[in-house]
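The following explanation leads through a single protein model, from one pair of residues outward to the sheet, the helices and the loops. The reader is invited to keep the sequence and the coordinates in view.

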Amino acid sequence: MDLDSPVQFVKGVGPQRAEGLAKLGVNTAEDLLLHLPMRYEDRRQFVRVVDLRIGMKVAVAGTVAVAGLRRARRLSIYELRLDDGSGRLLKAIFFNQPFLKDVLSVGKRVVLFGLVERDRVASRLLVMRSPPYEIVEQDEHGG
């Protein structure tokens with residue numbers, strides 16, 4: 001296969017998916033290689049909690065300083081505070097994921113990625129709601 005080959009012959013594409021790709025201007029294997037996603041999220045650059053602003057979509061690395069599971073109406077809410085040593089904590093809340101009490105427990109080093117919002121309960125706090133997370137080994141990211 002060369003770069004001028006029709007996209008439908010790329011493994012995993014086929015005629016139906018090729019039709020959808022054609023609507024995006026992707027007709028050849030080369031077009032597919034050069035097609036950029038709708039958005040690009042750089043999760044390699046970390047922002048300190050003290051430097052966060054509402055509306056930022058960022059990655060933050062730190063240690064779970066406080067964590068707890070509570071019930072609200074028919075939801076279970078797991079809430080934690082992430083400490084990155086910058087002097088300010090970031091709140092993260094997860095809905096209906098009670099297993100996180102065993103995964104994101106106090107003392108764990110984690111990376112959170114998400115949209116920074118103002119907390120509705122404590123307006124001086126910033127919060128990420130159900131952010132994707134990754135457990136970090138102690139020697140990674142300065143831990």
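In strand 6, Met 128 is the bridge partner of Ala 92. The model in which this pairing appears is a predicted one. The Ala 92 pairing belongs to the contact between strand 3 and strand 6 (residues 126–129), which run parallel and are joined by three bridges.

Strand 6 also pairs with strand 5, here in the antiparallel sense and over two bridges. Within strand 6, Val 127 is the residue that Glu 117 stands opposite.

Strand 3 (residues 89–95) pairs in the antiparallel sense with strand 2 (residues 75–83), over seven bridges. Two positions serve to fix the register of this pairing. Tyr 78 has Phe 94 of strand 3 as its bridge partner, and Arg 81 stands opposite Lys 91, also in strand 3. The hairpin formed by strand 2 and strand 3 has five residues between the strands, and in this hairpin Gly 85 adopts a positive phi near 85°.

These pairings are parts of one sheet. The sheet is open, comprises seven strands in the order 5-6-3-2-1-4-7, and shows mixed pairing. Strand 5 (117–118) and strand 7 (133–135) each have a single partner strand and stand at the edges; therefore one side of each is left without a neighbour in the sheet. Strand 3 can be described by its burial: five of its seven residues are buried, so the strand is largely enclosed by the rest of the structure.

Which residues form the aromatic pair? The rings in question are those of Phe 94 and Tyr 133. The count of aromatic pairs comes to one. The ring centres of Phe 94 and Tyr 133 lie 6.1 Å apart and the ring planes stand at 90°, so the pair is edge-to-face, the cut-off for that class being over 60 degrees. Because Phe 94 lies in strand 3 and Tyr 133 in strand 7, the pair ties together parts that are 39 residues apart in sequence. The two partners can also be described by their accessibility. Phe 94 counts as buried, at 1% relative accessibility, whereas Tyr 133, at 30%, counts as partly exposed. The limit that applies to Phe 94 is 20% relative accessible area, under which a residue is called buried.

Strand 2 and strand 3 take part in the largest pocket as well, each supplying at least two residues of its lining. The space in this pocket amounts to about 160 Å³. Its lining includes Leu 75, Ile 77, Glu 79, Lys 91, Ile 93 and Phe 95. Arg 70, Asp 119, Arg 120, Val 121 and Arg 129 are also lining residues of the largest pocket. Lys 91, which thus lines the pocket, is the residue that Arg 81 stands opposite.

The discussion now turns to the helices. Helix 1 (residues 14–23) has Gly 14, Ala 18 and Leu 21 among its residues, and these three are buried. They cover an arc of only 60° around the axis, and therefore lie on the same side of helix 1. A general point of geometry applies here: an α-helix has 3.6 residues a turn, so residues three or four places apart point the same way. The buried residues of helix 1 pack against helix 2 (29–34). On the face turned away from the buried side, helix 1 carries the exposed residues Pro 15, Gln 16, Glu 19 and Lys 23. Gly 25, which follows helix 1, has a positive phi near 85°.

Backbone angles in two loops complete the account. Most residues other than glycine have a negative phi. Asn 96 is not a glycine, although its phi is positive, at about 50°. Asn 96 is located in the loop between strand 3 and helix 3 (100–103), and with a relative accessible area of 46% it is partly exposed. Ser 130, likewise a residue other than glycine, has a positive phi near 45°. Ser 130 is placed in the loop between strand 6 and strand 7, and at 34% relative accessibility it counts as partly exposed.

Terms used:
Residues are numbered from 1 along each chain as its sequence is written. This is a predicted model: local features need pLDDT of at least 70, side-chain atom pairs count only at pLDDT 80 or more; totals for chains, interfaces and linings use all residues. Side-chain values use heavy atoms; hydrogens and water are left out. Two strands pair if DSSP finds at least two bridges between them. Helices (H or I, at least four residues) and strands (E, at least two) are DSSP runs, numbered from the N terminus. Buried means under 20% relative accessible area, exposed over 50%, partly exposed in between (1.4 Å probe, protein chains only). The arc is that of the directions from the helix axis to the C-beta atoms. Contact means heavy atoms within 4.5 Å. Rings of Phe, Tyr and Trp (its six-membered ring) pair if their centres lie within 6.5 Å; planes under 30 degrees apart count as stacked, over 60 as edge-to-face and the rest as tilted. On a 1 Å grid over the protein atoms alone, a cavity is a set of points where a 1.4 Å probe fits but cannot get out, and a pocket is an open set with protein on both sides within 12 Å along at least five of seven lines; lining residues have an atom within 4 Å of a point. Grid points are joined across faces, edges and corners, and a volume is the space filled by probe spheres set on the points.
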